[in-house]
Every structure is written in C-alpha cells, then in structure tokens.
Amino acid sequence: MKIGILGVGHIGKTLSRKLSATGHDVKVANSRGPETIDATVLATGARAVPAAEAVQDVDVVIISIPLDRVPDIALLLAGVPADTVVVDTSNYIPGRDSQIAAIEAGQVESLWVVEQLGRLIVKAWNSIGSGSFALKGMPPGSEGRIAIPVAADDDGERAVGMALVEDTGFDGFDAGPLAQSWRQQPGAPAYCTDLTRDEMPAALARAEAARLPKRRDLSGAAIAERFGVGTNPDSEYHVHLSRALFM
Ligand SMILES: NC(=O)c1ccc[n+]([C@@H]2O[C@H](COP(=O)([O-])OP(=O)(O)OC[C@H]3O[C@@H](n4cnc5c(N)ncnc54)[C@H](OP(=O)(O)O)[C@@H]3O)[C@@H](O)[C@H]2O)c1
C-alpha cells in the first residue's frame, strides 16, 4: 500500500521502518522538514518528504504526533480523499499535551480526534509502548505474539488497520467502534501491558472509565521520577509498571 506517516518520533520511526520493510511504499514527514529526519528512520526504504506531500496520493495516512498537535494538521487532511484511511496512534497525556477540556470532561480521545479532523479515523498502535513496539514484533502464529487493539467505526477501515498492525509484527485485535476505544486508552488494563490475543478480551472488558486518568497520571509520575520528564522508559520497566498499575 502507499502510506504517508506524519510524525517520526518514538512510534512513527518504528512504523516507518517496519512498514517499509514489509514492502509498503512509505513516505514520512515531521513538522520541521525532511532534512531533519534521521537516516535510520529511512533505512528500510521510506522516503522523507514535506508534510503536505506525505498525505498526497496515498491509501493510508498514519498520524503519530502529540494529541494536542492534531488540530494543526486538520487543514492538511481536509484535502485528503474520503476513501483514504486515516489511522491515529495518539494518546492524551496531560503534562505533555496542553489540557483539553472536552477530554478532561470525559470525551473519548479518538472521538475528539474525529471532531478535530472532521473525518473518521482508525485508532491503532496507541496502546503499545515504544520499546515493546520496536523490539517485540513476531511472525504471525508465534507463541506469545502481542496483540494490539484496533478500533474504528467503519469495518473496512478497521480491517485495513488490523492488516497493517499484522505487518508490524503484532496480532491486530478487533476492538470494536471508536466509542469503545476508551478501553485502550492510557490507564486501562490493555494499555502498554503487552497482552496476547487470548488475554485481550478480558482486559478490554475489565476497563473502568473513572479509574483511567488517575492510573495514567500515576504511571506518568513514576516514569518521570525514574527517567526524567518526556523520556520513554525501556520496555521491561514500562510493561512491569503498567501491569502493576492498570491490571
Ligand atoms: N511513546 C510511546 O511509547 C507511545 C506509545 C503509543 C502511542 N503513543 C502516541 O503516539 C503519538 C506519538 O508519540 P511519540 O512518542 O512517537 O511522539 P514523539 O516522540 O514526541 O514524536 C512526535 C512526532 O510528531 C511530529 N509532529 C508534531 N507535530 C507535527 C505536525 N504538525 N506535523 C507533522 N509532524 C508533527 C514531531 O515532529 P517535529 O519534532 O518535527 O515537531 C515528531 O516527529 C502520541 O500521541 C503518543 O501519545 C506514544
């Protein structure tokens, strides 16, 4: 498929490497210009382009930027055809993102993104830590392969998202409509806990909306205390912490 990725940070750079390595035609962009994109991001064949070019003439756009930057790309996506699938990896992280009143009041994060962009999205890859995402992919059918929930309102778009998750080395798990995607948000049992396909249904079902923000913030505080604000923890620590706090 032809894929444009906006954002080449912790998650976007791994998306770029993995999806181009499996034969997809991948263009990547950040906010500062192609010349600022590290060569390692392009090592498996992706091309660095300006953001406007990344979303042109593609089958899929993947957004992997801080949630509060999503409104900045709304104009860019306004010109993207309706049949282009837009996949979003974002999470609301207060402290990193500016406070978003609607989400603080309980709006599901993916539905806030839909509102900002004025189009449907697929929510995927938001619930795997960057360390696990980079290191723990496995071939289909492997024992213990980690599953990644994929939520969407359109069945065809969800199927595209799930197939791309498979291409990155993880089981794509059908997590239903966007309205239920709070079950894969930060603080939920399925968030950054590296569960298998068999473990995923119970984890999604066990999520309690009212507890998520407090658990998310406890995790953020523990990570900031240990590694410093804005630093991503290694996979082992992150999964251990997330399982202790969220499950
Ligand atoms: N880190 C994780 O473990 C993790 C796991 C799952 C999901 N997520 C979520 O995935 C998203 C990305 O996270 P991350 O950790 O990869 O972020 P990150 O390391 O901070 O990288 C963010 C990327 O977004 C780019 N960006 C920002 N504004 C942009 C714009 N207007 N147009 C194009 N590119 C833009 C940045 O480019 P510039 O530097 O040029 O601005 C940068 O390449 C976040 O919403 C995060 O919550 C993160």
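What share of the contacts in the protein with a separation of 6 or more comes from residues 24 or more positions apart? In this predicted model, such residues account for 69% of those contacts. Let's keep that figure in mind as we walk through the fold.

Start with the overall picture. The protein is built from 10 helices and eight strands. Its radius of gyration is 17 Å, close to the 18 Å that the globule rule gives for 247 residues, so the protein is as compact as a globular protein of that length. Along the principal axes, the C-alpha atoms fill a box of roughly 40 × 40 × 40 Å. Buried residues make up 52% of the 247 residues.

Now look inside. In soluble globular proteins, nonpolar side chains tend to be buried together. Here the largest nonpolar core has 34 residues, and L6, V61, I63, L77 and L117 touch the most other members. Several elements give two or more residues to this core: β4 (60–63), α3 (74–78), α5 (109–117), β7 and α8 (200–206). Of these, α5 gives the most, with four residues. If you would like one residue to centre your view on, try V61: leaving aside residues up to four places away in sequence, V61 touches G4, L6, V55, L77, T84, V85, V86 and V87. Apart from this core lies another, of 29 residues, with V26, V87, I146 and V165 among them.

Next, turn to helix α9, which covers residues 212–227. At 1.5 Å a residue, its 16 residues should span 22 Å, and this agrees with its end C-alpha atoms, which are 22 Å apart. Which residues of α9 are buried? They are L212, R215, R216, S219 and I223, and they cover an arc of only 105° around the axis, which puts them on the same side of α9. The spacing makes sense, because an α-helix has 3.6 residues a turn, so residues three or four places apart point the same way. What covers the buried residues of α9 includes α10 (235–246). On the other side of α9, K214 and E225 are exposed. After the helix comes G228, whose phi is positive, near 100°.

Finally, consider the charged residues. Side chains of opposite charge can pair when their charged atoms come close. The structure holds 13 salt bridges, and three of them show a range of settings. D72 pairs with R69, with the closest N and O atoms 3.1 Å apart; D72 is exposed, at 53% relative accessible area, while R69 is partly exposed at 38%. R96 and D97 meet at 2.9 Å, N to O. In that pair R96 is partly exposed, with 45% relative accessibility, whereas D97 is buried at 4%.

The third pair is R145 with E166, whose closest N and O atoms are 2.6 Å apart. R145 lies in the loop between α6 (130–135) and β7 (147–152), and E166 in helix α7 (residues 155–167), so the pair ties together parts that are 21 residues apart in sequence. R145 is buried, with a relative accessible area of 3%, and E166 is partly exposed at 26%. The pair also belongs to a wider arrangement: salt bridges that share partners join R145, E166, D171 and R197 into one network.

Terms used: Residues are numbered from 1 along each chain as its sequence is written. This is a predicted model: local features need pLDDT of at least 70, side-chain atom pairs count only at pLDDT 80 or more; totals for chains, interfaces and linings use all residues. Side-chain values use heavy atoms; hydrogens and water are left out. A salt bridge is a side-chain nitrogen of Lys or Arg within 4 Å of a carboxyl oxygen of Asp or Glu. Buried means under 20% relative accessible area, exposed over 50%, partly exposed in between (1.4 Å probe, protein chains only). The expected span of a helix is 1.5 Å times one less than its number of residues. The arc is that of the directions from the helix axis to the C-beta atoms. Contact means heavy atoms within 4.5 Å. A nonpolar core is a set of buried Ala, Val, Leu, Ile, Met, Phe, Trp, Tyr and Cys residues joined through side-chain atoms within 4.5 Å. The radius of gyration is taken over C-alpha atoms; the globule rule is 2.2 Å times the number of residues to the power 0.38.
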